[in-house]
Amino acid sequence: MTLAESDIIVASGIKRTFGKGSGSVHVLKGVDLAIPSGSLVAFKGRSGSGKTTLINLLSALDRPTEGTITFEGRELSGLSNKERDNVRRTRMGLIFQSFALIPLMSAYENVEFILRVSGFPAADRKLAATTALEQVGLGPRMNHRPFELSGGEQQRTAIARAIAHKPSLLLADEPTAELDSKTGLQIMKVFRNLVESSGMTIIMTTHDPAIMEIVDHVYELEDGQIVVPS
């Protein structure tokens, strides 16, 4: 699949196999997709369909067994580990099912800490952390610790942590799985606002049918292949 000017990331012929010989497991079996910049995209599919594996490949956490992934014009698997880490640290944001917040730190400190360890300029960290928390509606709650925040507020803190460095691509693996439906829709509203206000591209996995109605594109994975993009 060729990279169009409007596409931020393109996967061509992606296969991912774990193990060798008779014990090998073919998780992805030839995935082709192109994600337009400034869009909100969902991968859906049953457990074991390959959604998380695909997210890990697109985020350069893993390398495909076969195929290529091109992000912002750079072929990821051709980069060194250090170069891939740098792309992920500066151009991508990652959100996982677990909030993974540091319990003894406030929401602000959780966001600022990640900026600090990633080498973000010291003079800009306070503004970046505060702006990110305000973007997700946590300005008044930024000095509260995780145990003082609701599940939705903890997830919004995790989102703020992932967007504070202003990535062009945000990848989220089941970001609403631990939330009730009302709170999950609030998180989706945050995602939609990020796409519309900053032009960020967001790719997420989900099992929630209600979310399918909010996103711009849905890709269904079944048995390691994309079935129906819509």
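This text walks you through a predicted model, moving from its strands to its charged pairs and then to its empty spaces.

Let us begin with the strands. Strands of a sheet pair through backbone hydrogen bonds, and they can do so in a parallel or an antiparallel way. In this model, four strands come together as an open sheet, and their order across it is 2-1-4-5. The pairing here is antiparallel. Which strands sit at the edges? They are strand 2 and strand 5, the latter covering residues 74-75, and each of them pairs on one side only. If you want to follow one pairing by eye, pick strand 1, residues 7-18, which runs antiparallel to strand 2 over nine bridges. A handy place to look is Asp7, which stands opposite Pro36 in strand 2.

Now turn to the charged side chains. Side chains of opposite charge can pair when their charged atoms come close. How many salt bridges does the structure hold? The count is 10, and a few of them make a good tour.

One of them starts in strand 2, the edge strand you have just met. There, the side chain of Lys29 meets that of Asp223 in a salt bridge, with 2.9 Å from N to O. This pair links distant parts of the chain: Lys29 belongs to strand 2 (residues 25-36), while Asp223 sits in the loop between strand 9 (217-222) and strand 10 (225-229), 194 residues apart. Lys29 has a relative accessibility of 32%, so it counts as partly exposed, because that class lies between the 20% limit for buried and the 50% limit for exposed.

A second salt bridge joins the side chains of Arg141 and Glu153, at 3.2 Å from N to O. Arg141 lies in the loop between helix 4 (122-135) and helix 5 (151-163), and Glu153 lies in helix 5, so this pair ties together parts that are 12 residues apart in sequence. Are the two partners buried or exposed? Arg141 is partly exposed, with a relative accessible area of 26%, whereas Glu153 counts as buried at 14% relative accessibility. Glu153 has another contact as well: its side chain reaches the backbone nitrogen of Ser150 at 2.9 Å.

A third example stays inside one helix. The side chains of Arg192 and Glu196 meet in a salt bridge of 3.9 Å from N to O. Both residues lie in helix 6 (residues 181-198), and they are four residues apart, which is about one turn of the helix. Arg192 is buried, with a relative accessible area of 15%, but Glu196 is exposed, with 60%. Salt bridges can also be joined into a network, as you can see with Glu112, Arg116 and Arg125.

Finally, let us look at the spaces between the atoms. Rolling a probe the size of a water molecule over the atoms shows where empty space is left. The largest pocket holds about 400 Å³ of space. Its lining has 19 residues, and those nearest its centre are Leu94, Ile114, Arg161, Ala162 and His165. Which parts of the chain build this lining? Helix 2 (81-91), strand 6 (92-95), helix 3 (107-117) and helix 5 each supply at least two residues, and strand 6 gives the most, with four. By class, the lining of the largest pocket has 11 nonpolar, four polar and four charged residues.

The second largest pocket has a volume of about 150 Å³. It is lined by 13 residues, with Arg46, Ser47, Gly48, Lys51 and Thr52 nearest its centre. Helix 1 (residues 51-58) gives the most to this lining, with three residues. Here the classes come to one nonpolar, eight polar and four charged.

There is also one cavity of 30 Å³ or more. The largest cavity contains about 30 Å³ of space. Leu94, which you met in the largest pocket, appears again in the lining of this cavity, along with Ile55, Ser59, Leu61, Ile95, Phe96, Leu171, Ala172 and Asp173. Strand 6 and strand 7 (169-173) each supply at least two of the lining residues, and the largest share, three residues, comes from strand 7. Seven of the residues lining the cavity are nonpolar, one is polar and one is charged.

Key
Residues numbered from 1 in each chain as written. Predicted model: local features only at pLDDT ≥ 70, side-chain atom pairs only at ≥ 80, totals over all residues. Heavy atoms only, no water. Salt bridge = Lys/Arg side-chain N within 4 Å of Asp/Glu carboxyl O. Buried < 20%, exposed > 50% of the residue type's maximum accessible area, 1.4 Å probe, protein only. Pairing = 2+ DSSP bridges. 1 Å grid on protein atoms, 1.4 Å probe; cavity = no way out; pocket = protein on both sides within 12 Å on 5 of 7 lines; lining within 4 Å. Points joined across faces, edges and corners; volume = space filled by probe spheres on them. Nonpolar A, V, L, I, M, F, W, Y, C, P; charged D, E, K, R; others polar. Polar contact = N/O pair within 3.5 Å; in protein donor to acceptor, adjacent residues only side chain to side chain.
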